[in-house]
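Below are some notes on the model you sent, arranged as numbered points. Please read them with the structure open beside you.

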Amino acid sequence: MVTITVDGKKLEAPAGANLLDVCRENGIDIPHLCHKKGLSPVGVCRLCLVKVTGMRGLAPACCTQVKEDMEVVTEDEEIHELRRTNLEMLLSEHEHNCLTCESNGNCELEDLVYRFGIDTVRFPANKEKMPLDDSSLSIIRDPNKCVLCGRCVRACREIAGRSILEFSGRGPRVAVIAGLNEPLDQTACTSCGACIQACPTGALTEKQARFQGRNWEFHKVRTTCAHCAGGCQLELWTKGNQLVKVYGVEAEDAINKGHACVKGRFGMDFVNSPERLTDPLIKRNGRFEKADWTEALALVAGRFTEIKEKYGSDSLGAVASPKNTTEECYLLQKFVRACWQNNNIDWCVRFCHSPTAVALTRAFGAGANTNPINVDEQTELLMVIGLNLAHNYPVGADRIRRRVQADQLDLLFVDPRKLEMTSYADLWLRPQPGSELAWINAMMHVIIHENLYDEAFVRNRTEGFEELKRVVTEYPPERAEEITGIPREKIIEGARRYARAERAAIMYGMGVTQHINGTANVSGLCNLAMLTGNLGREGVGVNPVAKQTNSGGCGDMGNVPNLFPGARPVTNMDANKMFEQAWGKELAAESGKTLSDMLLIPDNVQGLYIVGANPLRSSPNLNLIQQVVAEMEFVVVQDIFMTKTAEMADVILPAATFAEKDGSFTNGARLVQRVRQAVAPVGNSLPDWQIISRLSEQMGLTADYRHPSEIMDEIASLVPPYGGISYQRLENGPICLPCPDPDHPGTPILWKEKFNTPSGKGQFYPAEYSPPAEMPDTEYPFIFTTGKAIWHMHTGAYTQRSKVLSGLAPLDILQVNPADGEKLDLRDDSRVRVISRRGEITLPVILTDCVEQGTVYTTFYSDVPVNLVTIDALDPVAKVPELKMCAVRVEKIS
Amino acid sequence: MAIESLPDLEAWQKRVNEEKTALAENIRVVVHQGTCGIASGAGQILKAFQDARKTRWLKSVVIQEHSCIGCCYLEPYASIIEPEGRSTLYAYLTPEKVNDIVEKHLLGGQVVAEYAVDTDTPFFNRQEKRITELLGQIDPFKIEDYIFHDGYQALAKSLRMDQEAVLAEIKDSGLRGRGGAGFPTGVKWTFAFQAEADQKYMVCNADEGDPGAYMNRAELEGNPHALLEGMAIGGYAIGANKGYIYIRAEYPLAVETLENAIAQAKEFGLLGQNILGSGLDFDIELFLGSGAFVCGEETALLASLEQKRGTPRPRPPFPAHKGLFEKPTVLNNVGTLSNIPLIMRKGAEWWAAIGSESTRGTKVFSLTGQIARPGLIEVPMGISLGEVVFDIGGGVPGGKQFKAVQLGGPSGGCVPARHLNMPIDYESLKEIGCIMGSGAMVILDEDACMVDTAKFFLEFDRDESCGQCLPCRRGLPLMIDMLERITRGEGKSTDLEDLENLATTVQKTALCALGQTAASPTLSTMRHFRDEYEAHIIQKHCPAGVCAALFETRCRNACPLHQDIPGYMALARAGRFEEAYRVIKQTNPLPLVLGRVCHHPCEQKCERQMLDEPLSIREVKRFIADYAYQQGIEYHPPQKDPRPEAVAIVGSGPAGLGAAYDLALEGFPVTVYEALPVAGGMMAVGIPEYRLPMNILQYEIEQLKKMGIKIQLDSPIDNLEQLFENGCQAVFLGVGAHGERNMGIPGEELPGVYQGTEFLRQFQSGRPPAVGQKVVVVGGGNSAVDCARVARRLGATVRLVYRREKRDMPAIEEEIAAAEAEGIVLDCLSQPVTIEGQERVEKLVCRKMALGEFDASCRRRPSILEGTDYTLEAYTVIESIGQVPRTETLAQSGVQVEKNGRLRVDPYTLETDRAGVFGGGDAVTGPRTVAEAVAAGQRAAFSIRQYLDREPISPVMARPDFEKYQIPLASEEEPQGKARVPVKESDPQNRINGFEEILHAYSQDEARQEADRCLRCDTGR
């Protein structure tokens, strides 16, 4: 710390800190426009000029680092006049029409002009009016209000890692342009909106929010994003009962530091959608009729009781949702276990990350991210596997891209498809889909044979090395090359890079897990990390990237057939007894049915309660599932929109969105954060916790919670990792699990000392490579694979109701390699039939080298039921279907 | 091939030496081919020599291509160096001249004096060539040539020293950055040396971009290895092993030269790994800039080198701490680095032996603009600006007045004439609001408008500004807007204050030097030429005749009477002389007079001079006036309705008559009071007959009387009150300057010593004094020349004693020439000290003068040279060293009078301190010209009219058109080169015998021919 004197006042600050920020934190507000914390200082607006003793001329405070004994004068008559003249120049530069400006009341220029009392401008205004760029669905650029501070340019470069916006021209012709001076929608802009948030004036604004409200009319609430599992902190701006715009929370404790992606910033308008379900609906004679809650809940409770009595307790099943709050997830499984006395509850994790839970638990002792979801500053190398990072976790991808560009991070990318991020990668390995284990084993082969492994870590902290060595010895890089198609040199180079990095982290996605050997794949990655000692420290680890916002909470709350909340097996009698006591009900002690069991096996359940899930779109081999569900006696769907699944329901219960309720989400890396109500639920819809509570009461379980905080208190008392969590603590910021008691600071990094296995040591689970369930053949010559898109979540059920998101990506399109396209006589926009052994779909085509010859790819967010084609072959351990690959035939429709 | 050690280098030098000695046995023809030489046709010259060598079998002649030696004004040129050492410089070469030289010099052994340049002149002998010494002397494409001249010895020497010792040497030399800011190089290097880093860089800024600067280009084209050696020494001193030269792509020859030099240095092992076996690795890479001026700013240059947008960033951190790729970086200019080998080889003490106190060494300047000898010169720091401009550069060509030097390009400022004695160094320049900059000196003459100049540089900076920082991006266009308005005549009284405020804000708040200094040309011209700004704003007048919106044509703009010159030229061309006369008379009450004695500033500005010679405007006018006179054509514009307010005019000289004319046109009853018995003031009693015949003058005055103007002779006015009491409502004082300053030397009281005015007055009154055989006239003005010529006509031999040089004489050049033709002897640089005689003057003791510093009029101030006294015999001495107004009695009437007797009036409205009293002409300005006096009278008349109409008196004069006239259209023919029609004058030998007019009017044909030369610049306006 150093002491400086500012305007005669002594201030303490860390040496080298930014003078402007130091002054601001101490209540000295130096005028500025181009500076924004979090962006590199450039000193171009020339408004923060101050006098620093010993320095020639005036110094820009934003570019001045504090030094011991520095003496600063932030304002005197001369400085005041210079600033005033500069502000007048700025006002004369363009037309600043405040009357209809979206930023009126939230404009830094306006504040300064008011502060300096500038009521007339001595200089003639530049009357040349420049055209707006309103090409984008999300962002309006008004160059007439631009003060050329460059904050958007830097935000685009330094926050979004993209440089879509740049300066062009010189002198008075300097302007911010997009791309090569193109309309914004013609550029690679992803509509993250970082530029809007950085803009001090109304030059960049949200298109959809135009004329929807002004700063002083908005009610602003901090909450957690409802889309992916990143846990971004957002501020919802509402007017009346409408959500109008969204800002990224810039607070220190916000994981996203103000950033957001297109979904977070522009994809929240589904909350206001006129298509929302507003009343309970009961299907009578094949048609839904509005009902009141009493009638609907009585009907549901009555039918569940009937079925339980008719077919036995085991004939009821429930599907939980990672889009609901942790409190709601807790209540649902409590309802199932206490009211139905079975463990037939599961959630969509079954179809995506169930192998992660299994593999990580058996290797380390818990199925969770070992390290924070943000790649730590310390990470030297990041290996990304089977994960379209820029689309699955855009905010994180932006940060990673920026660090790669700044040469602070090596990126090793493994993916069969050419993705945006592969162009930034230092090394890109391109395996055949489904061949992961071969190259993972080969890398370990190289690491062991070149003696690059962490011998001490292996000796002291793991078990099973000899067996691992035995298995991987069989995978020399040449063999892996044959299986995977990755040149052996690249495998060797990747292995060396990963092993030699002081701190190497792994991030992976469904490309690893959605295979019949998904569990073995994840184990392979665990082995790789243990072998190189990349665990239990900052900047390392094995980090699955979960799909949905509350993946952490949903899993933690035991919405699975075999575990109670807190990951205690239902077969564990101590745990069983404890919950029986707490809930005052007798509980089943054997594992229940998985989602696959319930949906893929006919007649396995008769009554199904689906909360916030859309399995009739997201599950493999849809034809089969549709048949299974149709044959069930009674299906209840609780959701916010009429989904394909809801259409099959007997009763629909209208739920509230995240913006309409309180609660908490636990993100993909164990971070617990608050969800706060910003608007009232639409119509007669209710928050899920209230619906489940009322249903529980109907079925004889006391559930008289007045507020979700009371549910959290109950969770804290029963679930040890949540032992220290309370709403009171969450007000002060997020807490990372496990947090066993109120004084515990939380645990961002797992396995620092020991693992949670019986022996306390990490367990190697080597496995042999086995080919996917269905390989291409002459009849079905293409590999069919699917993946995510940045614009959509949850089969598009919500996001297709957002103007911006649906506008940006209304369709699913089949990616076909141009060489294949030529063979099939396809052009962009040709329509094709994609036919598998299970079904067929029709899609438009785009020819792109993003896919290799012989592979076709699509997303699954439109009306096209893509999963008619996919295969329901299961991983034997985790029961995940091999959604990532099957064999298809592609036929042109002329 | 590679030189691996110092002995290697020495061996090499020895070998080169031998080769050179062998070569010196031949005649060498060196064709100087810099970019400028090539542009002016040096390629043809080279080819001509080569062809001659072949066809004429000149086996012993070696033809070499070297770069230029900086004499831009001689392009294209070549040197011939003969074995015995004789070196001849031939200039303005053409292939024909080359053939001549081949014939006479190469074959005949005779220097062709006609084409040879005398190099024992200030341009050559006042220079101190150091870093430019080898320019043109060596082949820039041969590293051997550089090695022959001790090249790379400095590097070898440095490598045997500690880094600290090298740094100390540079510091001791006092070398300061030649790029413009003048930061001590040794200090900068030491910062970088002390900075801890795994990598450091040495960067050379060769992005020379100032308008008018080309020294770096010449240095690189002529001697690239000096830079490379300097960089290598710098690399060693600071611990950098990588150097970059950031050079503008617009210098293709320099780039080619450097590329070759780097390749050769690498081949020779003088760059690269383990240089001279010392262990030093140092490599240099060229980086071509893309033409952004702002990339000359160091942080922008580094950003550009990093392949980023070339925008500056705030400092600190300074590049020496955090520069290229965030590593410590020294960034020096070409000139700075080229000095390094000299310092290291010859020692700091030798290097620092010349220069000014604060700035040691030499500086290379480029002289451009309105200068007789444009070129590249290297002079010691501290040399005065006047020496550079007038001695080395030869001053302003075309007889025009020097105005200022624009130094430092768009970042610099203007140095006006009054600072010509200022030593050129960083501190002195800073004091007057200027900077050294790169060393571009643009010389401006009277034809440069300073407001326009300021605007030019601002526009340059505006276009080159990177635009990121607000004050530069917006402030410059706003300043330009203001200047634009001013040059359009739409300036407001608050503009100068606003402009200054804006300029200061930009200066104080812009991010980088480009912005901070962009306002300098404006601020410095406002500081030194405020009157010019005011002329634009207040009078809506551009004195230089540049701001086109403010005038119709340049000739008209320059004419004090604002005569419609193209108008009467067009009419004269058409033979419509009477109409032409009417046009003249619209604004000119005295066409006969002014057709003879006008000092014709219009001709100085005549656009025709760009083609061949200026139009002979005065002579055409004289013809027209004479034509009217001879044809008995009488005309004056229609007068307005009579008004009751009587106006009194004191003095019937040109000022009084000018006022009377305009007032009479406005309808006022005017009475002119003349103290002398003759009307016409100085025109009558000061201008001799042979220039202005009395009958002509009186005829013209009679014409005025016909308009109702009353002239009362022998009526001195001692009391203004009386005029008012007698009913007049306004008074104009045009009393002229009829007094004469005394020299204040012994013997002035002797009989036979006359004052010039008195002498002329007596002569003009028909009572010429007896001047005897020998007359000495003292002075250099028009009056002195008139006295001399009158005395000559009275039969005497006449000497004119003047204390400065002939070129400094204020008299009209053609009058001086005429006097000399008439046998009058000029004794310049001489001053009388005593007048001796018993009864009357017998002799005059004079003393020679020496020229010292420059004064505000750009003339060197004379000072007495003791011990040079000489005696001139004289029967008569006429002192004519300065006329002064006689205003003692007026001062008692409540009119303010300056110490020198001049009336104090508002410079625009000519109001005196007393309401209703106005003054103008010589009485206000001191002795000037007839035209200016007439104009002053007319201006006063305008003020009087407003005064009597109780209107506010406007500083802008808007004289009404009294009559419309039809001007013929311009000819559509393309003008052909055609000299002016000569004016016939009487033979000097004959004319001194009488007082007949010397100049003869054009004939009708001649007048029409001459008028036909008018380019009709008024067309389309």
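1. I begin with a charged pair in chain B, bearing in mind throughout that this is a predicted model. B:Lys242 and B:Glu285 form a salt bridge in which the closest N and O atoms are 2.7 Å apart. Because B:Lys242 belongs to strand E6 (residues 242-248) of chain B and B:Glu285 to strand E8 (residues 280-289) of chain B, the pair ties together parts that are 43 residues apart in sequence. The two partners can also be described by their accessibility: B:Lys242 counts as buried, at 17% relative accessibility, whereas B:Glu285, with a relative accessible area of 38%, is partly exposed.

2. A second pair joins two helices. B:Asp626 forms a salt bridge with B:Arg596, and the closest N and O atoms of this pair are 2.9 Å apart. Since B:Asp626 sits in helix H29 (residues 617-631) of chain B and B:Arg596 in helix H27 (residues 591-597) of chain B, parts that are 30 residues apart in sequence are tied together by the pair. Both B:Asp626 and B:Arg596 are buried.

3. Helix H29 of chain B also takes part in a pairing over a span of 196 residues in sequence, because B:Arg618 lies in this helix and its partner B:Glu814 lies in helix H36 (residues 813-821) of chain B. The closest N and O atoms of the salt bridge between B:Arg618 and B:Glu814 are 3.5 Å apart. Here B:Arg618 counts as buried, at 9% relative accessibility, while B:Glu814 counts as partly exposed, at 38%.

4. Over all chains, the structure holds 129 salt bridges. Some of them are linked in a network in chain B, made up of B:Arg691, B:Asp786, B:Arg789, B:Arg793, B:Glu815, B:Glu822, B:Glu985 and B:Arg991.

5. Which side chain of opposite charge is nearest to B:Glu229, a residue that is buried yet has no salt bridge? The nearest is B:Arg345, which is 6.0 Å away, and a salt bridge would require a side-chain nitrogen within 4 Å of a carboxyl oxygen. B:Glu229 lies in helix H11 (residues 224-238) of chain B. Leaving aside neighbours within four places in sequence, the contacts of B:Glu229 are B:Tyr146, B:Gly151, B:Tyr152, B:Gln153, B:Ala154, B:Leu155 and B:Pro341.

6. One of those contacts, B:Tyr152, deserves a look at its backbone, as this residue has a positive phi of about 65° although it is not a glycine. B:Tyr152 is placed in the loop between helix H6 (143-148) and helix H7 (153-159) of chain B, and it is buried, with a relative accessible area of 0%. B:Leu829 likewise has a positive phi, of about 50°, without being a glycine. The loop that holds B:Leu829 runs between strand E23 (825-827) and strand E24 (830-836) of chain B, and B:Leu829 counts as partly exposed, at 22% relative accessibility.

7. Two cis peptide bonds should be checked in the same chain. B:Glu75 and B:Pro76 are joined by a cis peptide bond with omega at about -15°, and B:Pro76 lies in the loop between strand E2 (61-66) and strand E3 (78-81) of chain B. Another cis peptide bond, with omega at about -5°, joins B:Arg315 and B:Pro316; B:Pro316 is in the loop between H13 and E9 of chain B.

8. H13 and E9 appear again around helix H9 (residues 185-194) of chain B, whose buried residues are covered by elements including helix H8 (163-173), strand E5 (201-206), H11, helix H13 (298-305), strand E9 (329-333) and helix H14 (334-346) of chain B. Within H9 of chain B, the residues B:Thr185, B:Gly186, B:Lys188, B:Trp189, B:Thr190 and B:Ala192 are buried.

9. Turning to enclosed space, the structure holds 16 cavities of 30 Å³ or more, and the largest cavity has a volume of about 330 Å³. Of the 25 residues lining the largest cavity, A:Cys348, A:Lys547, A:Ser618, A:Thr795 and A:Phe860 are the closest to its centre. The lining of the largest cavity comprises ten nonpolar, eleven polar and four charged residues.

10. The second largest cavity has a volume of about 270 Å³. Among the 22 residues that line it, A:Gly386, A:Asp415, A:Gly511, A:Thr786 and A:Lys884 lie nearest its centre. Helix H17 (510-513), strand E32 (782-786) and strand E36 (855-858) of chain A each supply at least two residues of this lining, which divides into six nonpolar, eleven polar and five charged residues.

Methods. Residues are numbered from 1 along each chain as its sequence is written. Chains are lettered from A and ligands numbered from 1 in the order in which they are written. This is a predicted model: local features need pLDDT of at least 70, side-chain atom pairs count only at pLDDT 80 or more; totals for chains, interfaces and linings use all residues. Side-chain values use heavy atoms; hydrogens and water are left out. On a 1 Å grid over the protein atoms alone, a cavity is a set of points where a 1.4 Å probe fits but cannot get out, and a pocket is an open set with protein on both sides within 12 Å along at least five of seven lines; lining residues have an atom within 4 Å of a point. Grid points are joined across faces, edges and corners, and a volume is the space filled by probe spheres set on the points. Ala, Val, Leu, Ile, Met, Phe, Trp, Tyr, Cys and Pro count as nonpolar, Asp, Glu, Lys and Arg as charged, and the others, Gly among them, as polar. Helices (H or I, at least four residues) and strands (E, at least two) are DSSP runs, numbered from the N terminus. Buried means under 20% relative accessible area, exposed over 50%, partly exposed in between (1.4 Å probe, protein chains only). Lys and Arg count as positive and Asp and Glu as negative; His and the chain ends are not counted. Contact means heavy atoms within 4.5 Å.
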